[in-house]
Amino acid sequence: MKRRIDHQATDGPRLWAGIEELSEDPRFQAFIETEHPAVHEFSKTARREFLKLMGASFALAGLTGCEKSSFITALPYVNQPPSEVIGLPRYYATAVLLDAYAQPVIATAHAGRPTKLDGNPGHPATQGRSDIFMQSAVLQLYDPDRAAAPSRHGEAVNWADVETAIGVMRENWLGDQGEGLRLLLGLTTSPTLLRQIDAFLKQFAKARVHVHTATGGEARQQINATVYGQAVDLHYGLADCDVVVGLDDDFLGPGPDQVRNALGWAQGRRRSSDRPGNRLFMAESVPTATGALAAHRLIADARRMPDLAEALASALGVAGASKPDVTEAEAGWVARVVAACKDRTGRSLFVSGLSGGAAAALWIARINQQLGNAGQTLKLTAPIAGPTDAGTLADLVSDINAERVTSLLVFDCNPVYSAPRELNVGDAIKRVRSSIHFGLYRDETSALCEWQLPLAHPLESWSDARAVDGTASILQPVISPFYDVRTVHYVFAKLLGEVDETPDAAIRATWQASFGDAFEAKRKQALHDGFIAGAAPFVAAMPASNTIAPPNTTGDLDIVFQPDPTVWDGRFANIGWLQELPKTLTTVTWSNVIAVSPALAKRLLADNGDHVEVTIGERHVKGPLWIMPGQADNTVALFLGYGRTRAGRVGDQLGYDAYQVRPAAKPWLAQGSLRKLDTSEDLAVTQLHHRLDGFDLVREVSPGQVEQTKPEQASLYTPWPSSKNAWGMVIDLDSCIGCNACVTACTAENNVPVVGADQVRAGREMHWLRIARYYTGDVAEPRSFFEPVPCMHCEDAPCEMGCPVHATTHSPEGVNQMVYNRCIGTRTCSSYCPYKVRRFNFYDYRALAESPEHAAHNPDVTVRSRGVMEKCTYCTQRIEAAHVAADKENRPIRDGEVVTACQQACPTKAIVFGDINDPNSEVSRLKRDGRHYVLLEEQGTRPRTTYLARWRDDNTESRQG
Amino acid sequence: MREGQIVERTARSQVTARMMQIFSPVADTWIRLFLIGALSLAGGSIVAAVGFAHSAYMTETDMRPHQPVPFSHRHHAGELGIDCRYCHSNVQAGPQAGLPPTETCMTCHSQIWTNASMLEPVRKSLADNTPIQWTRVAKLPDYVFFRHDIHIAKGVGCESCHGRIDKMALTYRAKAFTMQFCIDCHRDPAPHLRPEDHITDMAWTPPANARKEGEAIAAHEGIRFGELTHCYVCHR
Amino acid sequence: MSEQFDILPTRQSMGGIADQLTRIPLHFPADRRWMIAMTIASALLLLLMVSVVELFTRGVGIWGINIPVNWAFAIHNYVWWLGIGHAGTLISALLLLTGSEWRNSLNRFAETMTLFAVVCAGIYPILHLGRPWYVYWMFPYPATMGVWPQFRSPLEWDIWAVLTYLTVSLAFWYTGLIPDLAAARDRATRRGWQIFFGITALGWRGSARHWQRWQQAYRLTAGLAVPLVVSVHSEVSLLFAVGQIPGWHSTIFPPYFVLGAAFSGFAVVSIIAVSLRSWFGLKNLVTDDHLNLLGMVLLATGLMTGYGYIFEVFDAVYSGEPHEIQTLVDRFAGAYAWTYWGAVIFNFIPLQALWLRTVRRSGWMLLVISASVVVGMWLERYMILVTSLYRDFLVSSWSHFTPSFWDWSTYFGTIGLFLVPFLIAIRLVPMISIFESKKLLHEENEEQQHG
Amino acid sequence: MADEFYGALAEFKTPEDLLAATRKAKEAGYRQLDAFTPFPVEGLDRILRFPRPTISFVGLGGAIAGASTALAMQFFTNYDYPLNVGGRPIYPISAFAVVTFELTILFSALAMLFGMLWQNGLPRLSYPVFDGERFHRASKDRFFLCVGADDAKFNASETLAFLSGAGALSVELVPE
């Protein structure tokens with residue numbers, strides 16, 4: 001409902017609703033043009049920007065009449081949809097996609113527009129938990145830079161033209177059975193799409209399919225195929241492990257599997273209350289979130305992984321494993337692992353990552369076999385994603401260069417950007433006679449294709465997909481597309497020459513078979529639940545008995561390639577939330593870095609932000625250096641996903657493009673060299689200081705050292721009477737994996753603005769919740785910690801004392817309240833806050849009036865204007881909603897009825913929120929826990945947000961072994 | 001002989017005296033008037049400013065904005081006695097009372113006044129499926145989060161905030177929706193509460209022992225006394 | 001102290017003093033130099049206006065502030081100006097009560113200086129607001145919101161304290177000015193001046209009855225002004241001491257701030273005294289003995305401020321509180337150590353020269369030393385704010401602060417805001433108390449005759 | 001005859017002369033006396049037997065008014081809308097002290113200033129003595145004694161004679 005004024009007819013004075021309305025008025029336009037001739041030149045947005053800037057002065061001139069509500073137009077329905085309650089959100093179960101895997105969501109829609117995505121609690125794989133990509137999908141939906149209409153050679157066309165053109169093409173293809181016709185797509189899990197591809201290949205026998213993924217789905221499939229002799233997917237049963245051993249495998253890091261693994265790991269970790277339930281051994285070249293949680297972390301260069309694997313194998317008595325020569329540290333670590341795994345048949349798990357390649361993976365597989373983990377903690381299924389028998393991108397390129405390709409259809413992948421540049425995909429595509437790109441954006445690839453056909457966002461589409469465990473979901477549209485786009489299945493149907501126009505025809509067709517007679521009922525059920533029960537069946541497979549020689553390594557430095565923690569392979573580059581999200585270990589935003597070890601940095605005499613040049617073979621790339629404590633001396637990490645040129649207004653020209661130097665043959669671990677350049681840049685970092693200089697901000701406890709009773713915090717003041725509910729929060733630092741899901745969820749729920757790299761550099765990021773990342777000890781071999789810091793909601797809050805206008809006060813339920821519309825911006829509260837959790841609108845950070853991103857705003861939370869303070873509110877809108885619901889039924893609020901956004905998102909359930917007046921609530925139980933402690937207790941602020949200390953694993957060995 | 005001196009000197013004074021008397025006596029009157037004027041102006045302007053903020057103009061009470069259809073609550077709610085909830089059907093279910101969809105109007109006006117010219121916009125709306133553009137009268141600022149449903153559920157009558165709608169030919173804002181207005185009731189709801197069956201009753205007047213009755217209702221409804229005046233109740 | 005020797009040369013007539021001092025406004029002597037000064041001052045004032053427009057249009061983001069350092073230049077200069085604005089009232093009120101007549105040659109321009117310094121200080125709390133157009137919410141008035149100001153907040157105290165201080169200083173200044181305005185009125189020949197001074201003098205005629213009441217009122221106001229001065233800057237110090245931030249949360253702050261304020265204030269008074277007397281040739285009224293005494297006071301307050309520094313260190317170390325010590329270390333050796341050592345050097349090193357009588361009696365040396373003190377105190381305020389905020393409790397929130405162009409422009413702008421009215425004032429009112437000088441002169445003559 | 005005069009004005013060179021003359025005038029039985037001096041002359045008020053001024057009481061009144069206003073304001077606002085601020089009490093006397101102190105001083109000081117002006121009948125721009133030929137020196141270096149025409153003993157010629165007898169540099173009659 002856009003606010004506008006009924007011009008001709010309000011009796012009484014004409015009242016301006018605000019500067020934006022003002023800007024519409026012709027008379028005002030005239031005034032502006034005469035007063036400020038320059039504005040005349042402005043583009044529309046620039047003009048709006050200008051007016052927004054002028055806002056304050058007009059306000060001073062009384063033009064806008066401070067927040068004065070004026071008579072505005074209200075638009076009722078013509079025919080009100082049944083069961084629509086105006087002003088209350090509706091919820092839909094569907095899914096969004098990451099690397100084509102379904103991330104099951106419950107979408108919250110206000111007045112027909114989705115504003116928030118949360119995990120689907122019923123789903124077996126994610127149990128309602130989410131990650132940063134799922135949370136951000138809703139912003140991508142409203143991205144103004146999405147491809148809005150089909151185009152040919154960049155000229156806009158309409159779908160009618162497209163369909164006639166497709167008709168013509170089909171004629172030709174049918175003529176020669178699709179000779180020279182190629183499909184290129186990323187892996188997909190959509191049964192319907194796979195079905196359509198098969199159908200397509202049946203129609204055009206000579207056509208071929210190629211697959212391209214930049215983030216390793218393909219690579220993992222190849223490795224597993226080599227190791228097990230057949231295509232399989234691995235599924236980790238972390239919940240049942242006592243010991244987990246990883247070689248360069250960041251299984252708790254970002255990726256389709258993150259939520260499931262995190263859930264399992266945390267569940268195992270919490271198995272017993274008096275000691276950590278499992279122990280994690282990691283050998284890493286590049287620090288990862290997983291490594292940060294390890295009890296024993298071994299730092300080893302990436303090239304060492306195969307040898308380490310073999311060393312483990314031989315130490316654990318795997319047949320055929322010989323003793324490779326290992327360093328003292330490595331030997332010690334191996335010994336610890338062996339000790340830890342003693343008589344734990346089937347209760348340990350060994351995993352390895354891509355840098356180790358098949359060589360390491362094979363040893364790991366055989367160790368799991370040896371220790372009886374296979375089938376217990378490690379399960380195998382047929383590949384969830386397909387098509388499995390497709391050609392590679394490299395094949396495609398060579399075919400094109402051999403003139404064997406006449407028409408190319410690219411589905412939802414961006415090889416021109418995200419393929420190793422040495423393949424020259426761009427030039428290749430240009431040589432194809434007719435090429436069509438189907439995608440969400442007009443990206444680097446579509447720029448070179450003849451046709452660019454915009455696809456619908458998953459939240460706008462009828463589709464289906466499988467989650468990582470193989471459970472299928474039917475995706476239903478939550479909003480009707482507001483761009484002129486089609487779903488991938490629709491266009492595929494067109495390619496197949498099908499005519500059924502019903503939007504979900506293809507989906508119905510796919511599931512008709514499995515649902516059988518009770519189709520409608522089952523379909524309704526599936527849509528209601530958001531998934532179709534039944535994960536992929538497990539298969540048994542033995543690892544091959546041969547040995548694979550590790551690739552011979554030349555060159556002094558190991559260069560490791562990793563997807564970026566927040567923009568992934570670059571596909572999320574245009575999502576502001578993800579760009580501004582601090583990367584888990586570096587807290588860098590809006591750019592990627594070249595991570596090196598402190599030792600290497602010292603050798604180069606380089607510091608953070610200095611530009612360095614990485615050379616692999618003939619190819620070079622230059623980017624900002626980052627000194628990563630705990631990185632292996634001779635390993636350099638490059639992060640994919642940046643340096644894009646056609647991502648959109650947000651994502652273009654940031655960071656460096658690692659694909660420049662990525663070798664097609666060794667996409668994960670290559671050898672190369674590093675050279676310091678004499679330029680440098682100022683990285684936008686949210687946390688400048690990471691060393692925990694002897695402060696006890698993050699506490700650790702060893703099993704047996706937990707103090708059970710804690711003295712109640714004293715206060716000089718007689719406590720205020722509490723109302724029935726008293727809200728409090730406990731954050732379990734032992735479970736926090738620093739994944740940022742909470743931060744993103746908070747951003748989405750509370751309309752937290754994106755401020756841009758410059759403001760972040762200036763120290764003005766707006767996140768209400770930050771994940772402090774600390775390390776202790778030597779930078780070469782640090783121990784890392786994560787500590788989420790939201791508002792502490794102190795009972796004796798210093799901030800409240802400071803405010804001269806009662807803009808921040810305390811509720812009877814113990815919530816530290818911040819009232820934006822009363823705030824005059826003295827910033828005293830922030831000065832006084834010992835935790836510095838308050839955020840200030842130094843400028844007007846709101847998006848421009850006409851930006852579609854406004855549609856993503858949560859209507860239950862005020863959008864803050866310039867000059868006001870803001871901070872975590874414990875999601876008060878959810879608390880108040882719960883109150884209303886309870887009061888209407890005249891009952892108390894139940895435990896777990898109020899769930900904060902961060903709590904809801906957390907994949908390890910580390911954040912618990914609830915009523916501390918209720919002794920049986922989970923939060924109360926945790927506040928009685930032995931590990932419970934208060935941050936800066938000595939300050940006497942008596943916070944409501946408190947922490948559970950992290951377990952110190954060291955002497956758990958003696959207890960367990 | 002001394003006499004002479006003096007007289008002579010006083011005489012001379014007429015001629016050569018340096019004029020010390022800068023102001024005529026009137027000046028004193030002027031300056032006093034000026035001071036009084038300045039003081040009263042200063043005081044007056046403050047009083048005026050505060051008064052203006054409370055004025056009907058600033059609070060937009062008693063203004064009858066133009067409506068596409070001259071809809072009369074007096075006729076529909078008053079004379080015909082149609083219950084509020086017939087049109088504002090959302091009021092118990094959700095935050096907003098909701099404006100009636102065109103079809104609601106047409107339930108009757110497809111039968112009666114079927115070609116009254118003043119209803120043309122309504123028929124047009126239904127015909128080409130475009131909403132009627134009503135001008136909103138009861139409007140709160142964006143940063144105020146008000147929910148009709150809970151107020152209805154707890155025994156606050158429509159009339160308490162909207163006034164005698166049933167007497168309004170053209171609808172206007174009867175009460176100044178200032179924070180003071182809201183907070184007064186939130187501090188001490190009891191006297192303003194009414195029995196469930198009188199929520200939409202415009203004519204209902206509180207009994208003599210309104211407070212006692214109200215307290216009874218409050219107790220029954222489990223109103224959370226003392227928890228209704230903190231900021232997050234309305235501002236988020 | 002003035003009993004021992006004559007601070008005013010006795011070989012001058014009362015009439016001489018009156019004519020000499022009233023001539024300054026009535027027949028302004030140093031026009032060219034004044035014009036130059038005025039031009040510079042107005043340029044600065046213009047700069048301020050530009051900065052303020054920019055500020056109100058775009059928001060406080062144009063400054064270098066951030067989280068955690070969200071108070072910097074605005075508050076820091078506010079404290080600095082207010083500190084300077086303390087000398088005037090202290091000199092006139094305190095010394096009046098202690099009957100040290102030598103104040104008579106200084107108090108007038110000291111008070112004038114105070115007024116404009118306080119104005120400069122006063123605009124900052126408004127400028128630094130995120131939404132300055134709502135500043136009136138800090139005052140209790142019957143709002144439609146039904147919400148009131150929050151009287152536990154040091155900022156709320158601030159508003160009242162500063163406004164009170166400004167009003168009382170103004171009242172005190174004007175009360176003392178009335179007889180001199182009358183004197184100027186009686187010297188004036190041009191009609192315009194006659195009317196101007198005639199009205200501002202309120203028709204004062206020096207009646208014995210009037211003098212009697214005037215004296216009582218003046219002395220009692222002085223008696224109130226002294227505790228007021230102390231209270232105002234103590235209160236300003238609470239702006240920080242009430243917060244829990246390491247380096248702020250200390251009981252030494254009130255005295256520490258008050259003394260610092262007096263210190264910087266006397267420095268500015270010395271600067272003005274020296275320049276005015278050479279400008280308008282007032283060596284007969286502002287004598288070397290005056291400078292000597294000023295020098296002593298400056299030295300004394302300086303040393304007391306120094307004690308504050310020492311105590312701060314002791315305070316932190318004695319508390320043993322890790323964060324306090326962290327902040328102390330940061331001040332000594334952190335990113336902003338230059339402010340700390342700058343403050344120490346500028347405040348206390350040149351100051352030591354004042355132990356020598358000859359230095360105290362030499363105008364230009366006093367000028368240089370005072371200038372250094374003013375700079376030093378500016379650095380001290382910078383240090384107190386930034387070094388405490390940029391690294392507080394949680395390591396993860398540690399950050400940095402770099403002043404932006406607009407920070408500086410606003411600051412220099414306020415210097416213009418100070419100079420312009422001050423320059424205008426010296427053209428309008430006698431810059432030295434005429435009647436008090438005469439009184440002093442008379443008493444000295446008496447002493448000479450009998451003794 | 002006396003009506004058209006405000007009084008007789010006598011000019012003296014020094015405060016001492018003025019004091020002497022005033023003493024004489026008192027002894028001679030003049031009552032309606034006032035002096036005009038460039039600065040307050042010690043002891044003059046004793047000789048003229050002025051009552052002790054009451055400014056101090058005005059100031060006290062102001063102080064009490066200020067303190068009570070401040071306290072009333074702060075107590076009322078917190079009573080009117082009691083909010084939990086940082087878990088502190090609703091009526092923190094210690095926190096109220098500051099504003100109370102400031103207002104005490106403010107009201108008291110202003111009361112005294114305005115009280116002084118009021119009692120002195122200022123502003124009074126036009127006043128008979130300003131007609132005195134040499135009166136302009138009263139703000140410079142001369143000390144004037146004035147015998148009011150309304151004095152029982154006033155007689156133009158005699159009074160003038162008496163004053164010049166008392167050592168006046170000049171004497172004159174000031175018209176009403």
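These exercises, with worked solutions, work through parts of a predicted model.

**Exercise 1. A three-stranded sheet in chain A**

Task: In which order do the three strands of the open sheet in chain A lie? Then find its edge strands.

Solution.
- Step 1. Start with the pairing of strand 2 and strand 3 of chain A. Nine bridges join them in the antiparallel sense. A:Arg90 stands opposite A:Ala109 in strand 3 of chain A.
- Step 2. Look at the link between them. Strand 2 and strand 3 of chain A form a hairpin with two residues between them. A:Asp99 sits in the turn, and its phi is positive, about 50 degrees.
- Step 3. Go on to strand 4 of chain A. Six bridges join strand 3 (residues 101-110) to strand 4, and the two run antiparallel. Here A:Val105 stands opposite A:Gly119 in strand 4 of chain A.
- Step 4. Put the pairs together. The order is 2-3-4, the sheet is open, and the pairing is antiparallel. Strand 2 (90-98) and strand 4 (113-119) of chain A are the edge strands, as each pairs on one side only.
- Step 5. Add the twist. On average, neighbouring strands of this sheet are turned by 40 degrees against each other, direction ignored.
- Step 6. Add the helix. Helix 4 (residues 132-141) of chain A packs on the sheet and touches strand 2, strand 3 and strand 4 of chain A. The direction of helix 4 of chain A makes about 170 degrees with that of strand 4 of chain A.

Background: strands of a sheet pair through backbone hydrogen bonds, either parallel or antiparallel.

**Exercise 2. A hairpin in chain A**

Task: How many residues lie between strand 19 and strand 20 of chain A in their hairpin? Then say which way the residues of strand 20 point.

Solution.
- Step 1. Count the bridges. Strand 19 (residues 463-466) and strand 20 of chain A are joined by four, and they run antiparallel.
- Step 2. Pick a facing pair. A:Ser463 stands opposite A:Leu475 in strand 20 of chain A.
- Step 3. Check the turn. Five residues lie between the two strands, and A:Gly470 in the turn has a positive phi of about 95 degrees.
- Step 4. Sort the side chains of strand 20 (residues 472-475) of chain A. A:Ala472 and A:Ile474 point one way, while A:Ser473 and A:Leu475 point the other way. All of these residues are buried.

**Exercise 3. One residue in a loop**

Task: Is A:Thr547 buried or partly exposed? Describe its surroundings too.

Solution.
- Step 1. Place A:Thr547. It is in the loop between strand 21 (538-539) and strand 22 (557-562) of chain A.
- Step 2. Use the neighbour count. A:Thr547 has 16 C-beta neighbours inside 10 Å, so it counts as partly exposed. A buried residue would need 20 or more.
- Step 3. Find the contacts. Leaving out residues up to four places away in sequence, A:Thr547 touches A:Gly320 and A:Leu362.
- Step 4. Compare sequence with space. A:Thr547 and A:Ala358 are 189 residues apart in sequence, yet their C-alpha atoms are 9.5 Å apart.

**Exercise 4. Two helices in chain C**

Task: At what angle do helix 4 and helix 9 of chain C pack? Put the angle into words.

Solution.
- Step 1. Read the geometry. Helix 4 (residues 87-97) and helix 9 (residues 253-279) of chain C pack at about 85 degrees, and their axes are 8 Å apart.
- Step 2. Name the arrangement. The two helices are therefore roughly perpendicular.
- Step 3. List who meets whom. C:Ala87, C:Leu90 and C:Ile91 of helix 4 meet C:Ala262, C:Gly265, C:Phe266, C:Val268 and C:Val269 of helix 9 of chain C.
- Step 4. Sort by class. This contact has seven nonpolar, one polar and no charged residues.

**Exercise 5. Where chain C meets chain D**

Task: Which helix of chain D gives the most to the side that touches chain C? Then describe how helix 8 of chain C crosses helix 4 of chain D.

Solution.
- Step 1. Count both sides. Chain D gives 53 residues to the contact and chain C gives 51 residues.
- Step 2. Find the top contributor. Helix 4 of chain D gives the most to its side, with 17 residues.
- Step 3. Sort the side of chain D by class. It has 35 nonpolar, 10 polar and eight charged residues.
- Step 4. Look at the helix pair. The axes of helix 8 (residues 208-241) of chain C and helix 4 (residues 93-119) of chain D come within 10 Å and cross at roughly 160 degrees.
- Step 5. Name the arrangement. These two helices are therefore roughly antiparallel to each other. Their crossing is left-handed.

Note on methods. Residues numbered from 1 in each chain as written. Chains lettered and ligands numbered in written order. Predicted model: local features only at pLDDT ≥ 70, side-chain atom pairs only at ≥ 80, totals over all residues. Buried ≥ 20, exposed ≤ 12 C-beta atoms within 10 Å, placed from the backbone. Pairing = 2+ DSSP bridges. Axes fitted to C-alpha atoms, helices over the stretch in contact; angles between N-to-C directions. Contact = placed C-beta atoms within 7 Å. Parallel < 35°, antiparallel > 145°, perpendicular 65-115°, else oblique. Left-handed = near helix turned anticlockwise from the far one by under 90°. Nonpolar A, V, L, I, M, F, W, Y, C, P; charged D, E, K, R; others polar.
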